[in-house]
Amino acid sequence: MKIKLTSIYVDDQEKALGFYTDVLGFTKKADFTNGPFRWLTVTTPDDPDGTELQLALNDNPAAKTYQQAIFKQGQPALMLFTDDIKADHERIKANGGNFAMAPTAVTGATIAQLNDTCGNLIQLSQLARW
């Protein structure tokens, strides 16, 4: 078994697509509409057949409450891993990303957090090399 897809709720799919592709550097994988429903996913460009992230519209009241609550608590909705957090931090800032926390050393890792502009905090993590 393996994880092929995970979802994140966003308040605007088009805005989210711009953030996840233009700011973070992901690639659009799937984008189709069936009536009012839009299926939209992105993936990492260096593994285009790997795990997809669905940018799910936050039009469900329960999902919206959940999204707003974890954002208010400062809890990331998504954790991304990197081999070079400082370089990614600078690249993302140069692309317009707004960091709530610059790269910070914590036990076992260096982490940073940014706002995806669509209702979520995203955490970048680089594991410590022992």
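What share of the contacts between residues at least 6 apart in sequence join residues at least 24 apart? In the protein chain of this predicted model, the share is 54%.

**Figure 1. Overall fold of the protein chain in the predicted model.** The protein chain contains three helices and eight strands. Read from the N terminus, its elements follow the order β-α-β-β-β-α-β-α-β-β-β. The radius of gyration is 15 Å, close to the 14 Å given by the globule rule for 130 residues, so the protein chain is as compact as a globular protein of that length. Along the principal axes, the C-alpha atoms occupy a box of roughly 50 × 35 × 35 Å.

**Figure 2. Surface and interior of the protein chain.** About 7800 Å² of the protein chain is exposed, and carbon and sulfur atoms supply 54% of that area. Of the 130 residues, 38% are buried.

**Figure 3. The largest pocket and its lining.** The largest pocket holds about 520 Å³ of space. Its lining consists of 23 residues, and those closest to the pocket centre are F26, T43, T44, L80 and F81. Two or more lining residues come from each of the elements β3 (37–43), β4 (52–57), β5 (78–81) and α3 (85–94). Strand β5 supplies the largest share of the lining, with four residues. By residue class, the lining of the largest pocket comprises 11 nonpolar, seven polar and five charged residues.

**Figure 4. Surroundings of H89 in helix α3.** The view is centred on a histidine of helix α3, H89. Is H89 buried or exposed? H89 has a relative accessible area of 8%; this is under 20%, so H89 counts as buried. Leaving aside residues up to four places away in sequence, H89 touches F99, A102 and P103. Helix α3, where H89 is found, is also one of the elements that give two or more residues to the lining of the largest pocket.

**Figure 5. The loop between β7 and β8, with T117.** T117 belongs to the loop that runs between β7 (109–115) and β8 (121–127). The phi angle of T117 is positive, at about 65 degrees, although T117 is not a glycine. With a relative accessible area of 38%, T117 falls between the 20% and 50% limits and is therefore partly exposed.

Note on methods:
Residues numbered from 1 in each chain as written. Predicted model: local features only at pLDDT ≥ 70, side-chain atom pairs only at ≥ 80, totals over all residues. Heavy atoms only, no water. 1 Å grid on protein atoms, 1.4 Å probe; cavity = no way out; pocket = protein on both sides within 12 Å on 5 of 7 lines; lining within 4 Å. Points joined across faces, edges and corners; volume = space filled by probe spheres on them. Nonpolar A, V, L, I, M, F, W, Y, C, P; charged D, E, K, R; others polar. Rg over C-alpha atoms; globule rule 2.2 N^0.38 Å. Buried < 20%, exposed > 50% of the residue type's maximum accessible area, 1.4 Å probe, protein only. Contact = heavy atoms within 4.5 Å. Areas by Shrake-Rupley, 256 points an atom, 1.4 Å probe, with all protein chains shown as cover.
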